[in-house]
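Welcome! Take a moment to look over the sequence and turn the model around on your screen. Then we can explore a few of its features together.

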Amino acid sequence: MDSRTIHDILKRHWGYDSFRPLQEDIIMSSLSGHDTLGLMPTGGGKSITFQVPALALPGLTIVVTPLISLMKDQVDNLRRRRVKAVYLHSGMTVREAKIAREKLMNGGAKLLYVSPERLRNQRFIQELRTVDVSLIVVDEAHCISQWGYDFRPSYLNIRSLRKLFPKIAVLALTATATPHVEADIIRQLEMKSPRVFRMSFSRSNLNYIVRPTETKIYEVFHILSRTSGSAIVYVRSRKRTREIADYLSSAGIPSTYYHAGLDISLKEERQNLWQRSGVRVMVATNAFGMGIDKPDVRVVIHFDMPPSLEEYYQEAGRAGRDGKLSYVVLLTSQNDSALLRRRLTETFPPREEIRQVYERVCNYVHVAMDEGYEKLEEFDLESFCETFKYQRRRCLASLHLLGQAGYLEYLEETERRSRVMITCTREELYHIDRLSPDAENVLSKILRLYPGLFAEYVYIAELLIARETGMDERRVYEALLELSRSKILSYVPRSRSPYIYFPTAREEKKYVLIGKDIYEERKAIMADRTEAMIGYGFSKGKCREKMLLEYFGETDGKECGHCDVCRNRGISGKKTPDELFAKLVDYLKSKPDGVDVRIIERDMRIPPAQLSGFLSYLCGEGFAKSDNGLYRWLKN
């Protein structure tokens, strides 16, 4: 397949004339049938690398991803671009899953997004045997590595896809992988002679700054009052999100807050408000950010130190996606290093405590000895901790280790948004009577607000319907229940339910083994991550960007010239316009095959606006030429 085909697809469905760096290389590798690993930093455009080949290939592309909310958003975006896509995950009703599978079996999808937990369903695996699969995509591929910072045992279910389709190419994608994790991804996915494409982790428009302070809240205000544009303030506590947002708002900086415990409609409302710049600052836990693509975030502040550089880099990468100058600030205090090391201890409770948690969980959800195989039970973590007087963080740590050992899996709170599907025909709808005024009002409003109700379940927001109808949410809820009882529609109210999944039958407590690979070895790896994070936050003699690049395996990185360390050492890197212009000319001469403008930005560190002016002049005067996004020197 030639590159013209994929360029046509890109233009037709996304409206772009050219690909970003490495996107086309990864796409062509997959289309050629090679197992491929793409290492692309946050904002690098991962989704294009599998969505374009999905449209170019004849069969189905299966996309494994752990993020249900992102899965839904991507499918909605694809449908708006006239691309057939469906998703399957554990939070769907039986009816929703049936509709999705029927579309799949009848050729009504080019892409199938699926959660890794779904791959343990043998009925689903058998159904896939009848489908023509062309490509398998593993998003957030670092989750399959036990040495990654976010290992998820359910990702090991992907092996069943490899066995089912041994000749189908696999494309694995991640934004955060050290060399060790990269090698483990290849091994776990059994990739055959994989082609590996690495995009530099350098972001030349980001200024990395570490600011020591014992009054962090005042420093946040100081930074925000001296900068402009949208901002995110990351914290590690739900309570603190509200405290800081209230403080900033009272100080005249419009702010709101976000964490996993908020009602889903409130989350959506605040996220949308911030994305359309209705409020300047989002104070949030790490629950905020996945799938957020707001290009004009000028400042990201970390109030608390993240536990690893992987998480720090991913969150920091939400700044400056438009290529313009942005600031990433980490606030540190004297207690931060001791706090991170204490968290390490809490993450690995004594083995006897872990075994005790296992026994009590089994009793709590009424799983008897030698029973429970492939059982899924609702599990109220807060109530469990209160009943047995566990500290929440230590209990979660025990559950996490039990999951890695294969005894049970704690599935975090799965928020299920309310959704509706019309179950009567259009003809029947016109002849409905005997409905209450509230039910008629709500039915009329949802038909106007939400298209596609007759074809599939559509997500709704009771809060929006309440505003549009002038009713309160309780009346809207009761009206929807009335419509459901009248067989006019199927209504699935929103819910939030954590679960415990048992991949094996219950064992006696004394036989629960937490091996060295899961305990001592992982503890040592986490200790290394902790020390790397502390080293980054408290080092005063090494370029911040260079430290990040070396951590991710880029040993040839140069000092950035604009982080706090470089500035304090006088490595400003500033050159006159004439010096920058001469440097650009020499650079283009050294690239006879041409070079993408983003690569030029990365290597040359010339401000985007200034670089654009230089390139326009060179092309206008005939010294250089732009061809499909590549700049090439013409003169001798």
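## A starting point: Arg 529

Let's begin with one residue in this predicted model. Arg 529 sits in helix H21, which covers residues 520-538. Is Arg 529 buried or exposed? Its relative accessibility is 9%, so Arg 529 counts as buried, because the cut-off for buried is under 20%.

Which residues does Arg 529 touch, if we leave aside its neighbours within four places in sequence? Its contacts are Trp 147, Gly 148, Tyr 149, Pro 307, Ser 308, Glu 310 and Tyr 551. Try finding each of them in the 3D view.

## Aromatic rings

Now for the rings. A pair of aromatic rings is described by how far apart the centres are and by the angle of the planes. The structure holds 22 aromatic pairs. One of them joins Tyr 312 and Tyr 536, with 5.2 Å from centre to centre and 50 degrees between the planes, a tilted arrangement. Tyr 312 belongs to helix H12 (residues 309-316) and Tyr 536 to helix H21, so this pair ties together parts that are 224 residues apart in sequence. Both of these tyrosines, Tyr 312 and Tyr 536, are buried.

Tyr 551, which we met as a contact of Arg 529, also has a ring partner. The rings of Tyr 551 and Phe 552 have centres 5.3 Å apart and planes at 85 degrees, so this pair is edge-to-face. Phe 552 has a relative accessible area of 6%, which means that Phe 552 is buried. Elsewhere, ring pairs connect Tyr 364, Phe 379, Phe 384, Phe 388, Tyr 390 and Tyr 410 into a cluster.

## The whole protein

Let's step back. The protein has 26 helices and 22 strands. Its C-alpha atoms fill a box of roughly 80 × 60 × 55 Å along the principal axes. How does its radius of gyration fit with a compact globule? For 636 residues such a globule would have a value near 26 Å, and the protein has 26 Å, so the two agree.

Buried residues make up 53% of the 636 residues. Of the contacts between residues at least 6 apart in sequence, 76% join residues at least 24 apart.

## Surface and charge

The accessible surface comes to about 29000 Å², and 48% of this surface belongs to carbon and sulfur atoms. The protein has 97 positive and 84 negative charges, and the mean positions of these two groups are 2 Å apart.

Key. Residues numbered from 1 in each chain as written. Predicted model: local features only at pLDDT ≥ 70, side-chain atom pairs only at ≥ 80, totals over all residues. Heavy atoms only, no water. Helix = DSSP H or I, 4+ residues; strand = E, 2+ residues; numbered from the N terminus. Rg over C-alpha atoms; globule rule 2.2 N^0.38 Å. Buried < 20%, exposed > 50% of the residue type's maximum accessible area, 1.4 Å probe, protein only. Contact = heavy atoms within 4.5 Å. Areas by Shrake-Rupley, 256 points an atom, 1.4 Å probe, with all protein chains shown as cover. Lys, Arg positive; Asp, Glu negative; His and termini not counted. Charge placed at Lys NZ, Arg CZ, Asp CG, Glu CD. Phe/Tyr/Trp six-rings, centres within 6.5 Å; stacked < 30°, edge-to-face > 60°.
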